[in-house]
Amino acid sequence: MDAEVGAWEPPAKLGDEHVRVLDATVTTGDRLDLDESAEARLREVATAGAEACSGFFGQRSSDRLISWLRVLTLAEGSVAGCDLGAKSPVIVLARMLRGRGDYPGDLTAWIKSVSSNRFLPYGSLMDRLNG
C-alpha cells in the first residue's frame with residue numbers, strides 16, 4: 001500500500017484578510033464566484049481548526065455569522081480543500097448560532113439542499129457525545 005507523505009503546514013492565523021473575503025463573497029443562488037486568492041483564504045478558514053474558528057467567529061454579529069455559514073457551506077462543494085466532513089467550520093458556526101439563540105429555522109433545510117456533507121450542520125455523533 002502506497003501512502004503519500006506531505007509537508008505539514010501550520011494552520012493560518014485568521015485575520016482581517018479572511019474577514020474581507022468572507023464579507024465580500026457573494027453567494028449567487030447556490031454557487032460561489034471566487035478568484036484563486038479568495039479560494040485560498042476560504043481554504044485557510046476551513047482548515048484553521050475548531051479552536052481558531054471559535055475565537056475568530058465569536059466576536060462577530062449573528063447576521064454576519066449566518067452569511068459566513070452560507071459561504072463556507074457552498075465552499076465545501078466548490079473549493080478544493082474545503083470539504084472537511086465532521087471538521088467543517090460550518091459546524092462551529094451552527095453551534096455558535098444555536099448557543100446564541102440566533103439559528104434561523106430554515107437554515108438546516110438550506111444546508112441539506114446544497115451540501116452533500118452528511119455531518120452538516122450538527123457534526124458527528126461521536127463529537128457530540130464527547131463534547
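Trainee: Which helices each supply at least two residues of the lining of the largest pocket?

Mentor: In this predicted model, helix 3 (50-58) and helix 5 (89-100) each do so. Helix 5 provides the largest share, four residues.

Trainee: How much space lies in the largest pocket, and which lining residues are closest to its centre?

Mentor: The space amounts to about 180 Å³. The lining has 15 residues, and those closest to the centre are Ala50, Ala86, Lys87, Ser88 and Val92.

Trainee: What makes a residue count as lining the pocket?

Mentor: A lining residue must have an atom within 4 Å of a point of the pocket. Val92 belongs to the lining, so an atom of Val92 meets that cut-off.

Trainee: How do the residues of the lining divide by chemical class?

Mentor: Eight are nonpolar, four are polar and three are charged. Lysine counts as charged and alanine as nonpolar; Lys87 and Ala86 are both among the residues closest to the pocket centre.

Trainee: How do you know that the length of helix 5 agrees with its number of residues?

Mentor: The expected span is 1.5 Å times one less than the number of residues. For the twelve residues of helix 5 this gives 16 Å, and the end C-alpha atoms lie 17 Å apart; the two values therefore agree.

Trainee: What is found at the start of helix 5, and what just after this helix?

Mentor: At the start, a side-chain oxygen of serine 88 comes to within 3.1 Å of the backbone nitrogen of valine 90. A polar contact requires N or O atoms within 3.5 Å, so this pair satisfies the distance cut-off. Just after helix 5, glycine 101 adopts a positive phi of about 75°.

Trainee: Which residues of helix 5 are buried, and what covers them?

Mentor: The buried residues are Pro89, Val90, Ile91, Val92, Leu93, Ala94, Met96 and Leu97. Their cover includes helix 2 (36-46), helix 3, helix 4 (62-78) and helix 6 (107-114).

Trainee: Why is valine 71 called buried?

Mentor: Buried means under 20% relative accessible area. Valine 71, which lies in helix 4, has a value of 1% and is therefore buried. Valine 71 and threonine 25 are 46 residues apart in sequence, yet their C-alpha atoms are 7.0 Å apart in space.

Trainee: How many helices and strands does the chain contain, and what share of its residues is buried?

Mentor: The chain contains seven helices and two strands, in the order α-β-β-α-α-α-α-α-α along the sequence. Of its 131 residues, 40% count as buried.

How values were computed:
Residues numbered from 1 in each chain as written. Predicted model: local features only at pLDDT ≥ 70, side-chain atom pairs only at ≥ 80, totals over all residues. Heavy atoms only, no water. 1 Å grid on protein atoms, 1.4 Å probe; cavity = no way out; pocket = protein on both sides within 12 Å on 5 of 7 lines; lining within 4 Å. Points joined across faces, edges and corners; volume = space filled by probe spheres on them. Buried < 20%, exposed > 50% of the residue type's maximum accessible area, 1.4 Å probe, protein only. Contact = heavy atoms within 4.5 Å. Polar contact = N/O pair within 3.5 Å; in protein donor to acceptor, adjacent residues only side chain to side chain.
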